[in-house]
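Please find below a short note on this structure, set out as numbered points for someone coming to it for the first time. The points begin with how parts pack together and end with a few details of the backbone.

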Amino acid sequence: MNDFWSNRLIDALKRCYFFSDKIRVGKDFDGGYIIGRLPVKYDLLLSCGILDDVSFENHFLELYPDTSSAFAFDGTIENLPIEAKDEITFIKKNIGFNPNNDTIFDKINSSTNPFLKMDIEGAEWEWLEKIPLETLDNLKQICIEFHFINNNRQVRALEKISKTHYLVHIHGNNTDKCIFRNGFNIPRILECTYIHKDFFKNPSLSQESFPTDLDMPNVKGKLDIKLEF
């Protein structure tokens, strides 16, 4: 990655905006994410990438019991873990590399207040390339794990999200190493939370130090990654 793209990457990541009301959802360590509490009544939870952990989805539905629909997408498993709440509809399908994403796009477009959680092991970049901007614009909040950060395509995806949403939280996943770019260590895996711009009256850049008190290292017993960019 040349200096031009490195600068754009760092610029996209360091533009994290202040949002005062944030909580941790899901289990301790790997599987939990930080989200913002918004004054909305969610009508749709879309969760892409489950494997053996539904702690986020279960906790979300406890916090927002009026969520009318909840879908879990994952083509790598046969069924949801046994502890999954009955309200969650499982769809055995991988999101991202499948050229036909009409199902999930239609769900977002037909929803009023959709929430998206995504952890699909690198396929998120292709998915973000394909999602129409007007569909992305309908998502009220996005909690997404970015994988293998190190190329131009990913910078463009981050800049696309920034057209409709503000980054409000960022956490380095310590299961992988960092890359050194323009004087900064950047985690190869990042957990990011985005909130739609409509929820900000006077947006200002965050002065928080990451990780925050809400964060936990993904690998227990291994130091969390301090973000300095």
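1. Contact, as the word is used for packing here, means heavy atoms within 4.5 Å, while helices (H or I, at least four residues) and strands (E, at least two) are DSSP runs numbered from the N terminus. This is a predicted model, in which local features need pLDDT of at least 70 and side-chain atom pairs count only at pLDDT 80 or more, whereas totals for chains, interfaces and linings use all residues. Residues are numbered from 1 along each chain as its sequence is written, and side-chain values use heavy atoms, with hydrogens and water left out.

2. Helix α2 (55–63) is a useful place to begin, and its buried residues are Ser55, Phe56, Glu57, Asn58, Phe60 and Leu61, where buried means under 20% relative accessible area, exposed over 50%, and partly exposed in between (1.4 Å probe, protein chains only). These buried residues of α2 pack against β1 (22–25), β2 (33–36), β3, β4 (69–73), β5 (88–91) and β6 (114–118).

3. Seven strands form an open sheet with mixed pairing, in the order β5-β4-β3-β6-β7-β11-β8, and two strands are taken to pair if DSSP finds at least two bridges between them. The edges are held by β5 and β8 (165–172), each of which has a single partner strand, so one side of each is left without a neighbour in the sheet.

4. Strand β6 deserves a separate look, since five of its five residues are buried and it is therefore largely enclosed by the rest of the structure. Both of its faces are covered, with Pro114, Leu116 and Met118 buried on one side and Phe115 and Lys117 buried on the other.

5. Which strands pair with β6 in the parallel sense? One is β3, over five bridges, and another is β7 (residues 141–146), over four bridges. Between β3 and β6, Leu45 has Phe115 as its bridge partner, and Ser47 stands opposite Lys117; towards β7, the bridge partner of Phe115 is Gln141.

6. Side chains of opposite charge can pair when their charged atoms come close. A search of the whole structure finds 11 salt bridges, each defined as a side-chain nitrogen of Lys or Arg within 4 Å of a carboxyl oxygen of Asp or Glu. One of them joins Glu208 and Lys22 at 3.0 Å, N to O, and because Glu208 lies in the segment after β11 while Lys22 lies in strand β1, the pair ties together parts that are 186 residues apart in sequence. Glu208 is partly exposed, at 30% relative accessible area, whereas Lys22 is buried, at 10%.

7. Another salt bridge, between Glu126 and Lys130, has its closest N and O atoms 2.7 Å apart, and both residues lie in helix α4 (residues 124–130), four residues apart, about one turn of the helix. Here Glu126 is buried, with a relative accessible area of 17%, and Lys130 is partly exposed, with 31%.

8. Some backbone details are worth checking in the model. The peptide bond from Phe210 to Pro211 is cis, with omega near 10°, and Pro211 is found in the segment after β11 (190–196). Leu51, although not a glycine, has a positive phi of about 55°; this residue sits in the loop between β3 (44–48) and α2 and counts as exposed, at 54% relative accessibility. Asn182 also has a positive phi, near 50°, in the loop between β9 (178–181) and β10 (184–187), and Asn182 counts as partly exposed, at 33%.
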